[in-house]
Amino acid sequence: MIMFTRMALGLTTALALCLPASAETLRLSHNTGDTTTWQQGADKFAELLAAETGGEYEVRVFPNAQLSGGDQMKQAEMTGRGAIDLVLTSAINVTPLAPEMAAFSLPYLYSDYDAVDRTTAGKAGDKMEEIMAGHGIHILAWGENGFREVTNSKHPITSPEDMQGLKMRVAGPMYIDVMNDLGANPQQMQWTETFPALQQGVVDGQENPIGAVIIPQRVYEVQKYITPWHYSYDPLFLGISKAKWDGLDDETRAQFQKAADEAMAYQIEISREATAEGLEYLKEQGMEVYEPTPEDLAAFKEATQPSFDKWSEEIGADIVKLFTDEANAQ
Ligand code: X2X
């Protein structure tokens, strides 16, 4: 009996040595549904972090901004004060907290993905990380929402004139100004409320990236027309509450970093793949695609220049220059 107890104790001790004392659960908030590439990126991070840390950290992913009562703009502020551990959200969502983050999404800033990647990997990205750290969020890695394309239920959008009077759902403040430039009637609305609003005709249209959001959230079921006008780019970032980050030792930080880098590289890859094949898929689902000509794009760009200028002032000329220099570098 004594022998048995000793053995049992020995076993328990051995087990305790190879299993983490107690796994810490971290809550990750994002504001799209559980079918998107955002969710897939978050799940990948959870899986990689558990593997890296031998199960010491468990990440629970909460979609649809559940942790901030459905308010997508509140997630960042809550992460900043440590009420949420991790956040995966897009730049436009944090502009109430850090207006500088709107720099990424200035109308027609980027011509392609290479231009985007130069800024997230360059001085512009570093500057944004510094600014977000000032709001209590340590950015681990950049991901991708993508180029935001316009859809609606009324008619094809071929020119700024076609936007006249359309009731457009938008996510954030800068897009209100851009839609006003185009003569549309913008309305700020939570993403989670947008599908029913489109379905019931409360709004006529919306704009979102094809691979990351439009396809996985089945926007084609409630919208007929799409124009890939690439008017604004929106990056994702995976951020951790700075208080949490500051409390981690160097080894653990390296594990978080590796998991975040790999998860966001994966999230960017699947978003770009889904976007590349996306228009074909949307046609099969019954959507009508208008592919704008270079002249059409020039007209949209010209029409939205007032918002570019207004928001450049809001963001600050130095920061805008970091972005334009890197976006336009060859
Ligand atoms: O709300 C949106 O449009 C979305 C999902 O793209 C963002 O979070 C900005």
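Start in the loop between strand S2 (57–62) and helix H3 (75–80), and select Asn64, which lies there. This is a predicted model, and in it Asn64 has a positive phi of about 55 degrees although it is not a glycine. Is Asn64 buried or exposed, or does it fall in between? With a relative accessibility of 29%, Asn64 counts as partly exposed.

Now move to Ala65, which belongs to the loop between S2 and H3. Its backbone deserves a look too: phi of Ala65 is near 50 degrees, a positive value in a residue other than glycine. Color by accessibility and you will find Ala65 buried, at a relative accessible area of 1%.

**From Ala65 to strand S1**

Keep Ala65 on screen and add Ser29, which touches it. Ser29 sits in strand S1 (residues 24–30) and is buried, with a relative accessible area of 0%. Which residues surround Ser29, not counting those up to four places away in sequence? Show Phe62, Ala65, Leu67, Gln75, Ile84, Leu86, Val87 and Leu88 as sticks, for these are the residues that Ser29 touches. For a distance label, pick the C-alpha atoms of Ser29 and Arg60: they are 8.6 Å apart in space, with the two positions 31 residues apart in sequence.

**Along helix H2**

Next, select residues 37–52, which form helix H2. How far does H2 reach from its first C-alpha to its last? The helix has 16 residues and spans 22 Å, close to the 22 Å expected at 1.5 Å a residue.

Zoom in on the N-terminal end of H2, where Thr36 acts as the cap. A side-chain oxygen of Thr36 lies 3.3 Å from the backbone nitrogen of Trp38. Then highlight the buried residues of H2: Thr37, Trp38, Gln39, Gly41, Ala42, Phe45, Ala46, Leu48 and Leu49. As you look along the helix, keep the general geometry in mind: an α-helix has 3.6 residues a turn, so residues three or four places apart point the same way.

Beyond the helix comes Gly54, with a positive phi near 60 degrees. Step on to Gly55, in the loop between H2 and S2. Gly55 is partly exposed, with a relative accessible area of 28%. To get a sense of scale, draw a line from the C-alpha of Gly55 to that of Leu198: the two are 42 Å apart in space and 143 residues apart in sequence.

**A helix pair: H5 and H14**

Select helix H5 (residues 123–133) together with helix H14 (residues 317–328). At what angle do H5 and H14 pack? The angle is about 150 degrees, and the axes are 8 Å apart. On the H5 side, show Lys123, Ala124, Lys127, Met128 and Ile131; on the H14 side, show Ile319, Leu322, Phe323 and Glu326. Colored by class, this contact has six nonpolar, no polar and three charged residues.

While you are here, click Ala121, in the loop between helix H4 (113–120) and H5. Ala121 is exposed, with a relative accessible area of 68%. Its C-alpha is separated by 33 Å from that of Gln187, 66 residues away along the chain.

**Helix H6 and its surroundings**

Helix H6 covers residues 173–181, and its buried residues are worth coloring: Met174, Tyr175, Asp177, Val178 and Met179. What do these buried residues pack against? Turn on strands S4 (137–152), S5 (167–170), S6 (185–188), S7 (205–209) and S8 (225–241), and with them helix H13 (305–315). After H6, look for Gly183, whose phi is positive, near 80 degrees.

**Leu279 in helix H11**

Now go to Leu279, in helix H11 (residues 278–284). Leu279 counts as buried, at 16% relative accessibility. Leaving aside neighbours within four places in sequence, its contacts are Ile210, Ile226, Pro228, Val289 and Glu291. A C-alpha to C-alpha line from Leu279 to Pro96 comes to 32 Å, for a pair 183 residues apart in sequence.

**Last stop: confidence**

Finally, color the chain by pLDDT. The mean is 94, and 94% of the residues reach 70 or more. Where does pLDDT stay under 50? Select residues 1–16, for which the model has zero contacts beyond four places in sequence. Where pLDDT is low, the predicted coordinates should not be read in detail.

Technical notes. Residues numbered from 1 in each chain as written. Heavy atoms only, no water. Axes fitted to C-alpha atoms, helices over the stretch in contact; angles between N-to-C directions. Helix = DSSP H or I, 4+ residues; strand = E, 2+ residues; numbered from the N terminus. Contact = heavy atoms within 4.5 Å. Nonpolar A, V, L, I, M, F, W, Y, C, P; charged D, E, K, R; others polar. pLDDT = per-residue confidence, 0-100. Expected span 1.5 Å × (residues − 1). Buried < 20%, exposed > 50% of the residue type's maximum accessible area, 1.4 Å probe, protein only. Polar contact = N/O pair within 3.5 Å; in protein donor to acceptor, adjacent residues only side chain to side chain.
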